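Reader: I would love a close look at one acidic residue and its setting. Could you start from how open it is to solvent and then work outward from there?

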Amino acid sequence: MSRSALVGNVTAMLEDAGFVVSDRCAIRPKSFDIAARRGQDLVLVKILGNIDAFNEATGHEMRRLGTYLEATPLVIGLRSRDEDLKPDVVYFRHGVPVFSPDTAYNLFIEDVPPLIYAAPGGLYVNIDGDLLADEREDRDWSLGRLANELGVSRRTVSKYEDGMNASVEIAMALQELFDAPLTSPVDVLDGAEDVHETDSMPDDPEADPDDERVVAVLTRAGYKVHPTARSPFKAVSREEDDDEDVVLTGHSKFTKAAEKRARIMSSIGHVTHTRSVYVVDRAKQESVDGTALVERGELDELHDAAELRKVIRERAEHEEAA
């Protein structure tokens, strides 16, 4: 299957699941392909045939964007090296959850989250330690008795009851012993890091030297500016005193490529509930599909976040009215 077809299939699946999906980020470089929202669940999705193409720089960018936009970064792929991704298993690459389209279908369409995650050494599941302890005590089994049944040490059983995760083989043995589900699913959308220790959040990249003037103006206006390196926009800017005022920011000469980026930014902003502004040297129109166009000289005259918000809102609304 071509990557384009795979992106189309994943997009259609998410739409069938009730997600609003952005336009595809058909530009390079790009850390994610689509943004999708269903209610409070917002995901940034990278779609790959071979997940080995997912590198550290992209993983770091997606994790940063997930923090800035309150979104979950995900990778949906088919295989790693010569092996297909196993169904209902969550893998991790550079701190980002990775799974197959079948797993995504079960999660988003069937509402059946995965139970298994891959980590160094094999496949693991989350054990409900409290439930395991209750089941053991209901049978009046000691830690030693259960340890003998499982072929592990008493200390290991104690760790399971304290919340340590177990191999798939141990989980299956526990289910056979107690004839009860003792596992809990991997919460991909909220809490995947609970089952996978990740590095600390990567630092922002340095702003492009050509963007330093724009960053300085936004900072002076009261925004915290987070530069990006592999996104359709140059930065995510959040007002210091208003966590809900988030602006996707672009900057370049107004070319056909810039117009394409502005359209993609608008589509992403619609899904992520953010506004978007593109700073250009000279503009012959006020906006592109809801992305406000602001000339550099004009931006220099905007002294606070309220003025900038007003300009962005008025130009977006003017286009909608037209």
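Author: Happy to! Asp130 counts as exposed because its relative accessibility is 59% (exposed is over 50%, buried under 20%, partly exposed in between, with a 1.4 Å probe and protein chains only). This is a predicted model, where local features need pLDDT of at least 70 and side-chain atom pairs pLDDT 80 or more, while totals for chains, interfaces and linings use all residues. Residues are numbered from 1 along each chain, and side-chain values use heavy atoms, without hydrogens or water.

Asp130 sits in helix H4, residues 129-138 (helices are DSSP runs of at least four residues, strands of at least two). Together with Asp128, Asp134 and Asp138, Asp130 makes up a negative surface patch (members have over 30% relative accessible area and no salt bridge; like charges are joined within 9 Å, nonpolar side chains within 5 Å).

Elsewhere, acidic side chains do take part in salt bridges, of which the model has 15 (a Lys or Arg side-chain nitrogen within 4 Å of an Asp or Glu carboxyl oxygen). Glu83 pairs with Lys86, with 3.0 Å between the closest N and O atoms; Lys86 is partly exposed because its relative accessibility is 34%, and Glu83 is partly exposed at 46%. Another salt bridge links Arg213 and Asp300 at 2.3 Å, N to O. Arg213 belongs to helix H8 (residues 212-220) and Asp300 to helix H10 (residues 296-300), so this contact ties together parts 87 residues apart in sequence. Arg213 has 40% relative accessibility and is therefore partly exposed; Asp300, at 25%, is also partly exposed.

Helix H10 also supplies Glu298, whose salt bridge with Arg315 has its closest N and O atoms 2.3 Å apart. Arg315 lies in helix H11 (residues 305-321), so the pair ties together parts 17 residues apart in sequence. Arg315 counts as buried because its relative accessibility is 14%, whereas Glu298 is partly exposed at 25%. Arg3, Lys30 and Asp33 form one network through salt bridges that share partners.

For a contrast with exposed Asp130, look at strand S3 (residues 41-50): 8 of its 10 residues are buried. Strand S2 (residues 34-38) runs antiparallel to S3 with 5 bridges (pairing takes at least two DSSP bridges), and Ala35 is partnered with Leu44 of S3. The S2-S3 hairpin has 2 residues between its strands, and Gly39 in the turn has a positive phi of about 65°. S3 also pairs with strand S4 (residues 72-80), in the parallel sense over 7 bridges, where Val45 is partnered with Leu74.

Technical notes. Areas by Shrake-Rupley, 256 points an atom, 1.4 Å probe, with all protein chains shown as cover. Lys, Arg positive; Asp, Glu negative; His and termini not counted. Charge placed at Lys NZ, Arg CZ, Asp CG, Glu CD.
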